[in-house]
Structures are given as C-alpha cells and as structure tokens.
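Work through the exercises below with the sequence and the structure open. Try each task before reading its solution.

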Amino acid sequence: MTVNQLSVFLENKPGQLAELTNIFSAHGISMRALSMADTRDYGIARIMVDNPFDALLLLKDKGWIAKLTPVLAVSMEDKAGALDQILNVLAKADVDLEYVYAFLTHKPGTACLVVRAADMDAADKALKAAGIATIPQDQLYKI
Amino acid sequence: MARYYQPEIETMPYEQLRALQSERLVKQVQHVWDNSPQYRKKMEEKGVTPADIKGVDDLHKLPFVTKADLREGYPYAMLAKPLSECVRIHSTSGTTGKRVIAYYTQHDIDLWDDCCARAIVAAGGSNEDVCQVSYGYGLFTGGAGLNGGSHKVGCLTVPTSSGNTERQIMFLQDLKASIICCTPSYACYLGETMKEMGLTPDQIPLKAGIFGAEAWTEEMRHDIETTMGIKAYDIYGLTELSGPGVAFECESQAGMHINEDHFIAEIIDPDTGEVLPEGTQGELVFTSITKEAFPLLRYRTRDICTLTREPCSCGRTHVRMKKPRGRSDDMLIIRGVNVFPSQIETVLLNNGYQANYQIIVDRKNNNDTLDVEVEMVAEHFSDVIDEIVKMEHQLEAAIKAMLGIKADVHLVAPKSIARSEGKAVRVIDKRKLF
C-alpha cells in the first residue's frame, strides 16, 4: 500500500528552500521527513507532510510545480542490518530503485524507509511476500 | 461595423495601386536627390539620376540602403527635411549596434497613424472599442504608433505603456478594454498572470490583441488565443520605416497586408541583391514612397519571408507578407548553421512546453555551444532526476531534428527565466568574436 509524498521542483538558488518552508510555516504544515535531490539547474524536494493534499493545492495556487508521488513507507527496526535485510529482499526481486531515504519514528527502536521504485507493484509484492510491513497513510503521523 | 479604415485605398485594384506607387516613387526619388546629400552621393555612385526612375519597374536601378548607411550618417543619416519641419524622432533599441534615429514631419505621423488605424479596424476595432496600448511609449515606436492609430479609429485609448502588470489587468477589467496592443511575449506573460490571479477568459472582456515588434510563432498565437480568449493579430513594422503598421493582419489571419500605397515591397536574394519572383523566400526590402523627413528607398530589412498576391478573402488587394522566419539580426550562426530563435520556440511549444525559454550561446575551446533553458511545466514534472534527464534528451533530439545541431537543454523552475515587459530577451550570446 503506497502513501502520498509531496514532490516539489525548485530553482537551484539561495533561499529557494526557505521560500518553500516559509509557506509551510505560515500554514502550519508539519513535515515528517525531507530529502533533497539536486542538479546544477534545479532541485527536487521530496517531503512527507501531515496533509499532502492541502499542501499540494497550496503550492499549486502559488505557482509552484509540485505533485503527489506514491511511495512505500516501509516499517523498519532501528538496528544494524535492518536496512540491509529490506534492500536484499528488493534486490532479489530485481526491483529497480529510483530513490530511498529513511527517518526515525516516535516509537522507540523503529524507523521508516521511504521507497520509490520503477515498478511499485513489484516492490510492494516482494516486501509482502517477505513479511515486511508497510505503513498506511493514516498511520504515518501516528508512529 | 466598418471592415476597412480607408476602403478606397485598401481595396484598390492592383493596376491602379501600382500606378499610384509609380507616381509617388518618381516624386520621392526627386525629393531625396534634391534634399539629402547622402542619397545623392549613393545614387551618383551607382550612376542613377531621378530621370532614370519612371515607375516601379525601374525600382531595381536604385541602390540599397542598409543599416550601415544609417549608422554612418548618425545622427542625421538620410534626413531629407530641415529640422524646422520635423516634429518628432523615434529610435531603435540599439541592441545590434549604434541607435538609428528616425525623423517625422507632422504629415509623416499622420500617415503612420493611418496605417495603424487600418490594423485596428482589421482586428475588428471601431469607435465603440476601448483600446489598451501596452507597448512601451517613448523612443520605441510601438506605443506611439498604436496610440495614434487608436485615436484615428476613435477608440477610447488607454495608454498604459508597458510594465506594472497588475495595473494593466486592473484597467483591462475596470475599463472593459476590448483590444490590447503589446508584444506577443508580454501577452503571454499577461495571460499567465491572469491565470495566477484566478481570472478565466470570460472574466476579461478582451476580444482582440494586436501583437508585434518581435518574432512569434503560430503555436504562440494559439496559446495566447486560448489563455486570453481573444483573436491574436500580427502587426509588422520597423522604426526605419515609421514603426508598426507597415503591414498588418486581417480577419483571415493568413499573412499581413503591406500598406502598399506607402511602402513598395520587394524580395531579394540576400547574397546577390537580385530581385526574386513572387512567392520565393528571400530578404524583404522596402521603399517608403510617402515619407518626407526620413524616406528610405530600397531599405534592406534583413527579415526573411515571402510575399503573395493571391486574393485575400477580406477583400483587401494589398500584397501579403508571411510572418518573417526571423530577422536576420535575430539569426544566430552556431557551428556554421543558421538558427532562428523562433525555430527553437516551435520545438518547445510542439512538445508541450511554454514560450518561457532562453538561448545561451557561448564559445568553448573554439567550439560554439548552444544551451537552451526551458521552464518546467506541471504536466511533465517528475520527481525522479532520470525522468527529467529523459525529457531534456527528447527536447535535444527534437531541436537536433529541426536545426541539425546539438543543443544542451536544461529544464529549470517556473519563473526562473526573467520576464520582460517589452521585447523578450530570448538570446544571450556570450561569444566574443570581435
């Protein structure tokens, strides 16, 4: 089961990210995780926010280029070898990863791995078959 | 509603029009010979005297006037009236070198205003209309020309000049402007801003726009017509010939009618100077046959286009010029290949991008480089860099197919390319070749 991640296209210049976080701050949007990818010309912010639909509409209204991207929020133990185990499962299933990033949750000893794969269905199936749980949207802000 | 501003002239049978041109040309040649030493010298060098010019058929005997002639005689080049009879000047932007100064008598301004009035009427304008002139006023001819034309038609004229976009939109709404005149790139920007303000085309009473002063494409016309809910008409002109209104589009939107009672048009081979037959692509050359202060004979515009005398459904008899493929001043030579910014624009618009782009030419290790920055559009956005790289490669392939040379395309964030309120800055040439 996938969750909605907010993806935003940014100009690669000083102050751009702050301009984005200013909007979130002014509208009380809370972020759970943030990962940046950047090139010489532009940056892409991938963000887990508490209310992705509202955040998307807000940004679109202001002329930003943004969209919701389905990703897997994979439940993971906060211990050595946990990430390795998950990635091995995906590798064995020949899943092509586009990007991953991770964050710690509020529940002690647990973490969450965000996965975007070329074939999301294949990734989901492989994890299920290995008994690895994914976190649904409504639980994401409760963990 | 009148279809023509000056019906007898605009629908005059061709033979009659040509006789009028001949009569005016003969007078004009005598005028420059008598009053402009620079002209007399040029004609003497070519061994031509006014007696050799008996009509339009003899036009080819006259020497060409080029931008170089105008720069050489700066600031009074080709002036054929005493300054005491001149009432105004306008000037080119000077981006390609020294400014050119054009002089006008009151009579010149009167005829120029007539030309612009024809364009406004052809776009459906009448004294019932409110016409917002968002071309720059000042040395630039755009504002003054359309302002004068709008007065002649009797429109309520709103002289906003360029800039202050939100005020422009406020006037468009509050005064219910039905016609807007500006550069096509500014029209795009206005359309974008209206969209951002949440305005739909039916909330803006505009019905027509008269857009010129820079090269634009059919795709751009389509974009403007849809976002603003108007008909977009092309207008053509050069400061050297008066300004906008040398040629204009009618409701058929199939080429621009040249005001032939004031300007004789020729198409020549830009390399040999030889006059080419109708329908052949070549450089556009104009002879102004009614201007008093600054009459240019056989002025080489460096615009590449074709002419047609095919009858037009609007009933006007004046020859039509195709939208120039680009001014040869705008033309870039990159790795020996002629490149018009408008060609790159066509590729972008055909691939679902907007006309928000910049072309950067540089020379590295004695090799020309061509970079095209294009703003990302929401429909194409992916948060995977690989996907964006693929989109860039698709555009590079399409540009290569169009131009035959490789470009590096960079997708950039919206609004990261500076918007212009006059002519858009499409090209940055960093090569230091001289």
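**Exercise 1. Contacts along the two chains**

Task: Among contacts in chain B with a separation of 6 or more, what percentage comes from residues 24 or more positions apart? Then describe the make-up of chains A and B.

Solution.
- Start with chain B. Residues 24 or more positions apart account for 66% of its contacts with a separation of 6 or more.
- This is a predicted model. The mean pLDDT of chain B is 91. In that chain, 95% of the residues reach 70 or more. The model as a whole scores ipTM 0.84 and pTM 0.69.
- Next, list the elements. Chain B has 11 helices and 20 strands.
- Add burial. Of the 434 residues in chain B, 57% are buried.
- Now turn to chain A. Its contacts between residues at least 6 apart in sequence include 68% that join residues at least 24 apart.
- Chain A holds four helices and six strands. Their order along the sequence is β-α-β-β-α-β-α-β-β-α.
- Chain A has 143 residues, and 47% of them count as buried.

**Exercise 2. A residue in a strand of chain A**

Task: Is Ser35(A) buried or exposed? Find its element and its contacts.

Solution.
- Locate the residue. Ser35(A) sits in strand S2 of chain A, residues 31–38.
- Read its accessibility. The value is 13%. Buried means under 20%, so Ser35(A) counts as buried.
- List the partners, leaving out residues up to four places away in sequence. Ser35(A) touches Ile44(A), Ala45(A), Arg46(A) and Tyr101(A).

**Exercise 3. The segment before H1(B)**

Task: Which residues does Gln6(B) touch, not counting residues up to four places away in sequence?

Solution.
- Place Gln6(B). It lies in the segment before helix H1 (7–10) of chain B.
- Check burial. Gln6(B) has a relative accessible area of 16% and is buried.
- Name the partners. They are Asp114(B) and Arg118(B).
- Compare sequence with space for one of them. Gln6(B) and Asp114(B) are 108 residues apart along the chain, yet their C-alpha atoms are separated by 8.4 Å.

**Exercise 4. The two sides of H3(B)**

Task: Which residues of helix H3 of chain B are buried, and why do they line one face of the helix?

Solution.
- Pick out the buried residues. In H3(B), residues 37–46, they are Tyr39(B), Lys42(B) and Met43(B).
- Look down the helix axis. The buried residues fall within an arc of 95°, so they line one face of H3(B).
- Find the cover. Helix H2 (14–35) and helix H4 (67–72) of chain B are among the elements over these buried residues.
- Turn to the face pointing away from the buried side. It carries the exposed residues Pro37(B) and Glu45(B).
- Step past the end of the helix. Just after H3(B), Gly47(B) takes a positive phi of about 70°.
- Go on to Thr49(B), in the loop between H3 and H4 of chain B. Thr49(B) is partly exposed, at 33% relative accessible area.
- Leaving aside neighbours within four places in sequence, Thr49(B) contacts Trp33(B) and Met43(B). Met43(B) is one of the buried residues of H3(B).
- Take a C-alpha distance. Thr49(B) and Val29(B) are 8.6 Å apart in space and 20 residues apart in sequence.

**Exercise 5. Packing of H7(B) and H8(B)**

Task: At what angle do helices H7 and H8 of chain B pack? Classify the pair and its contact.

Solution.
- Take the geometry. H7(B), residues 165–174, and H8(B), residues 184–196, pack at about 80°, with their axes 10 Å apart.
- Classify. Angles of 65 to 115 degrees count as roughly perpendicular, so H7(B) is roughly perpendicular to H8(B).
- List the contact. H7(B) supplies Thr165(B), Gln168(B), Ile169(B) and Leu172(B). H8(B) supplies Tyr186(B), Tyr189(B), Leu190(B), Thr193(B) and Met194(B).
- Sort these residues. Six are nonpolar, three are polar and none is charged.

**Exercise 6. A mostly covered helix**

Task: How many of the 10 residues of helix H10 of chain B are buried?

Solution.
- Count. In H10(B), residues 341–350, nine are buried.
- Name some. Among them are Pro341(B), Gln343(B), Glu345(B) and Leu349(B).
- Find the cover. It includes helices H9 (218–228) and H11 (385–403) of chain B. Strands S16, S17, S18 and S20 of chain B also contribute.
- Finish after the helix. Gly352(B), just after H10(B), takes a positive phi of about 85°.

Terms used. Residues are numbered from 1 along each chain as its sequence is written. Chains are lettered from A and ligands numbered from 1 in the order in which they are written. This is a predicted model: local features need pLDDT of at least 70, side-chain atom pairs count only at pLDDT 80 or more; totals for chains, interfaces and linings use all residues. Side-chain values use heavy atoms; hydrogens and water are left out. pLDDT is the predictor's confidence in each residue, from 0 to 100. Axes are lines fitted to C-alpha atoms, for helices over the stretch in contact, and angles run from 0 to 180 degrees between N-to-C directions. Angles under 35 degrees count as roughly parallel, over 145 as roughly antiparallel, 65 to 115 as roughly perpendicular and the rest as oblique. Contact means heavy atoms within 4.5 Å. Ala, Val, Leu, Ile, Met, Phe, Trp, Tyr, Cys and Pro count as nonpolar, Asp, Glu, Lys and Arg as charged, and the others, Gly among them, as polar. Buried means under 20% relative accessible area, exposed over 50%, partly exposed in between (1.4 Å probe, protein chains only). The arc is that of the directions from the helix axis to the C-beta atoms.
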